[in-house]
Amino acid sequence: MTVTARRRWLLIAAAVVAIALALRLTLWRDSGEPSVEEFCAEFAHLLVVDQLSLTVNPNDDTSTREAMDRTARQFADAAAAAPAEIRPDMRLLADLTAALSEAVAETASRETFDRAAAVIAAQDPFLETQDAATQRVVNYVTRNCTAAPG
């Protein structure tokens with residue numbers, strides 16, 4: 001995910017963190033389907049983890065790899081908690097994040113060209129679908145995880 005897309009994602013969803021954390025969690029509906037509340041809480045946690053990643057020095061390979069791994073794991077957790085309506089999009093974004101994490105894990109920051117090439121190659125299979133999936137997730141989160149004006 002580019003820095004601009006990541007910042008847009010954070011700006012749009014920043015309000016979700018405080019609101020979602022305040023929600024009373026209902027872990028599972030009677031149907032066994034993940035609840036909207038659970039997803040919102042996982043998504044809020046994802047934003048916190050992702051924001052912490054922004055403080056990592058990209059030249060510190062160990063910290064960068066750990067941050068990417070944490071973010072990928074949290075994306076996977078959020079995808080697992082996603083209700084059916086948004087689950088395919090969250091899985092796509094989780095797969096993208098896992099691919100990016102793997103690309104970073106397999107390269108060194110001092111090898112700028114190699115890392116950039118690995119990140120671009122990891123992102124390539126997702127290029128046609130990631131923007132639409134991101135937009136659908138943002139729309140879902142805006143509709144379901146933020147408080148309506150009162």
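**Exercises on the core and the H3–H4 packing**

Of the 27 residues in the largest nonpolar core, those touching the most other members are Phe-39, Phe-43, Ile-86, Met-90 and Val-137. Such a core is a set of buried Ala, Val, Leu, Ile, Met, Phe, Trp, Tyr and Cys residues joined through side-chain atoms within 4.5 Å, where buried means under 20% relative accessible area (1.4 Å probe, protein chains only). The model is predicted: local features need pLDDT of at least 70, side-chain atom pairs count only at pLDDT 80 or more, and totals for chains, interfaces and linings use all residues. Residues are numbered from 1 along each chain as its sequence is written, and side-chain values use heavy atoms, with hydrogens and water left out.

**Exercise 1.** Determine which helix (a DSSP run of H or I, at least four residues, numbered from the N terminus) gives the most to this core.

*Solution.* Two or more residues come from each of H2 (36–53), H3 (61–80), H4 (87–105) and H6 (127–144). Among these, H4 gives the most, with 8 residues.

**Exercise 2.** Classify the relative direction of H3 and H4.

*Solution.* Step one: the helices pack at an angle of about 165 degrees, their axes (lines fitted to C-alpha atoms over the stretch in contact, with angles from 0 to 180 degrees between N-to-C directions) lying 8 Å apart. Step two: angles over 145 degrees count as roughly antiparallel. H3 and H4 are therefore roughly antiparallel.

**Exercise 3.** State whether Thr-64 is buried or exposed, and list its contacts (heavy atoms within 4.5 Å).

*Solution.* Thr-64 lies in helix H3. Its relative accessibility is 11%, so Thr-64 counts as buried. Leaving aside neighbours within four places in sequence, Thr-64 contacts Val-56, Asn-57, Pro-58, Val-104 and Arg-115.

How values were computed
Buried < 20%, exposed > 50% of the residue type's maximum accessible area, 1.4 Å probe, protein only. Parallel < 35°, antiparallel > 145°, perpendicular 65-115°, else oblique. Contact = heavy atoms within 4.5 Å.
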